[in-house]
Amino acid sequence: MENRSKIVVSLVLLPLLLTTISAQSTKLTPNFYKTTCPNVESIVRSAVQKKFQQTFVTAPATLRLFFHDCFVRGCDASILLAMGNGNAEKDHPDDISLAGDGFDTVIKAKAAVDSNPQCRNKVSCADILALATRDVVQLTGGPFYRVELGRRDGRISTKASVQRQLPGPNFKLDQLNSMFARHGLSQTDMIALSGAHTIGFAHCGRFSKRIFNFSPRNTIDPTLNFRYALQLRQMCPRNVDPRIAINMDPTTPRTFDNAYYKNLQQGMGLFTSDQVLFSDPRSTGTVNLFASSNAAFHNAFVAAITKLGRVGVLTGKQGEIRRDCTRPN
């Protein structure tokens with residue numbers, strides 16, 4: 001009897017085991033759409049270029065959207081879902097500041113892909129977001145890299161799932177490292193991905209404490225360049241409109257380059273979580289390397305964003321190919 005029950009249990013577990021194995025063996029690959037939608041990359045690129053020509057914000061907004069998507073439930077385009085009850089990922093306070101231009105970029109690229117009869121309903125919103133991210137990086141002077149494809153779209157998006165999943169502007173090195181490590185990303189990956197702030201912008205409220213009331217002893221954070229802090233005070237006075245945003249890279253804000261790291265060397269990291277990369281001796285060396293070599297930064301960024309793009313992906317028969325990126329089928 002005992003042997004029979006073992007056989008029954010084994011037969012019950014076998015499909016689960018096979019499903020797990022097949023899910024793991026379905027890897028992402030750059031030529032996933034070779035037969036189903038061979039022109040997907042050029043279709044997405046031309047839609048992204050058109051949007052980028054209309055507004056530069058397309059670039060930082062799309063890049064940030066990809067990061068926020070992958071860090072919550074994996075790279076499954078769940079960030080794009082509008083659940084109708086104000087309870088989607090994008091409704092969480094940490095996501096509410098995501099610029100609409102990022103969402104619009106993906107929606108326009110999806111429409112362009114689906115207007116091709118061969119491609120209609122074949123390409124996931126998650127893959128379109130990954131491709132659009134690569135395209136905005138290149139459009140702003142960053143590296144071109146091959147994007148692994150084959151992600152499927154998630155059906156679930158909740159506000160609660162965002163809680164404590166995204167790095168905060170006041171994070172120290174250990175907090176950053178442990179959060180990135182949860183997704184298989186190293187300290188070097190984290191520092192390289194932070195370099196995306198070279199084209200980023202931030203709302204004044206995210207760093208006002210550093211320039212007005214850092215501590216009882218220092219009104220200005222001592223790790224912040226004093227002259228830069230005074231400039232920030234002018235751009236972001238005490239009762240400024242919370243919608244006002246400023247460039248995170250004050251030197252070359254529209255170029256995807258290593259100026260971000262050179263700024264850190266000068267005490268000009270906008271967030272605590274930026275400046276700590278230079279002020280903590282455990283990460284100073286990597287910042288100095290990227291500051292001294294744009295190529296070293298670009299190579300590390302490509303490696304890191306490729307790893308990021310594999311986080312928690314749905315593949316094979318998991319998830320779906322969403323017809324409308326903003327709602328499940």
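A residue counts as buried when its relative accessible area is under 20%. Keep that cut-off in mind, because F71, at 1%, falls well on the buried side of it. What you're looking at is a predicted model, so take the walk below as a tour of that prediction.

Let's start with the overall frame. UniProt, in an unreviewed entry, lists residues 27-329 under "domain: Plant heme peroxidase family profile". Over that stretch the chain is 44% helix and 2% strand, and the C-alpha atoms at its two ends sit 24 Å apart.

Now to the inside. The largest nonpolar core has 72 residues, and the members touching the most others are V44, L80, V113, Y261, L277, F301 and L308. Helix α5, residues 125-139, gives the most to this core, with nine residues. Apart from it there's another core, of 16 residues, with A202, L224, C236 and M268 among them.

F301 is a good place to linger. With a relative accessible area of 1%, F301 is buried. Setting aside neighbours within four places in sequence, F301 is in contact with L63, V137, A192, L193, A196 and F256.

That brings us to the aromatic rings. A pair of aromatic rings is described by the distance of the centres and the angle of the planes. A search of the whole structure turns up twelve aromatic pairs. Take F71 and F180: their ring centres are 5.0 Å apart and their planes meet at 65 degrees, so this pair is edge-to-face. F71 belongs to helix α3 (residues 58-71) and F180 to helix α6 (residues 173-181), so the pair ties together parts 109 residues apart in sequence. Like F71, which is buried, F180 is buried, at 3% relative accessible area.

F256 and F301 make another edge-to-face pair, 4.9 Å centre to centre with 65 degrees between the planes. F256 lies in the loop between β2 (245-247) and α10 (259-265), while F301 is in helix α13 (residues 294-308), so here the parts tied together are 45 residues apart in sequence. F256 is buried, with a relative accessible area of 0%. This pair also belongs to a bigger picture: ring pairs link F256, Y260, Y261, F290, F297 and F301 into a cluster.

Some rings have a charge for company. K90 lies over the face of F103, 6.0 Å from the ring centre. Likewise, the charged end of K209 sits over the ring of F214, 5.8 Å from its centre.

On to the cysteines. How many disulfides does a search of the whole structure find? There are four, and counting bonded cysteines along the chain they follow the pattern 1-4, 2-3, 5-8, 6-7. C125 and C325 have their sulfur atoms 2.1 Å apart, and their link is left-handed, with -95 degrees about the S-S bond. C125 is in helix α5 and C325 in the segment after α13, so this disulfide ties together parts 200 residues apart in sequence. Both C125 and C325 are buried.

C70 and C75 form a disulfide too, again with 2.1 Å between the sulfur atoms. The C70 and C75 link is right-handed, with 120 degrees about the S-S bond, and both cysteines are buried. C204 is joined to C236 at 2.0 Å, S to S, in a left-handed link with -65 degrees about the bond. C204 sits in the loop between β1 (201-203) and α8 (208-212) and C236 in the loop between α9 (226-235) and β2, so the parts tied together are 32 residues apart in sequence.

Back in helix α3, have a look at H68. The unreviewed UniProt entry carries the annotation "active site" at H68. Is H68 buried or exposed? At 7% relative accessibility, H68 counts as buried. Beyond neighbours within four places in sequence, H68 is in contact with D94, D95, L98 and L166.

Finally, a couple of backbone oddities. N121 has a positive phi of about 60 degrees although it isn't a glycine. N121 lies in the loop between α4 (100-114) and α5 and is partly exposed, at 34%. R164, in the loop between α5 and α6, also has a positive phi near 60 degrees without being a glycine, and R164 is exposed, with a relative accessible area of 65%.

Methods
Residues are numbered from 1 along each chain as its sequence is written. This is a predicted model: local features need pLDDT of at least 70, side-chain atom pairs count only at pLDDT 80 or more; totals for chains, interfaces and linings use all residues. Side-chain values use heavy atoms; hydrogens and water are left out. UniProt positions are given in the numbering used here, feature names are shortened, and annotations may be inferred rather than shown by experiment. Helices (H or I, at least four residues) and strands (E, at least two) are DSSP runs, numbered from the N terminus. A nonpolar core is a set of buried Ala, Val, Leu, Ile, Met, Phe, Trp, Tyr and Cys residues joined through side-chain atoms within 4.5 Å. Buried means under 20% relative accessible area, exposed over 50%, partly exposed in between (1.4 Å probe, protein chains only). Contact means heavy atoms within 4.5 Å. Rings of Phe, Tyr and Trp (its six-membered ring) pair if their centres lie within 6.5 Å; planes under 30 degrees apart count as stacked, over 60 as edge-to-face and the rest as tilted. A charge sits over a ring if NZ of Lys or CZ of Arg is within 6 Å of the ring centre and within 35 degrees of the ring normal. A disulfide is a pair of cysteine sulfur atoms within 2.5 Å.
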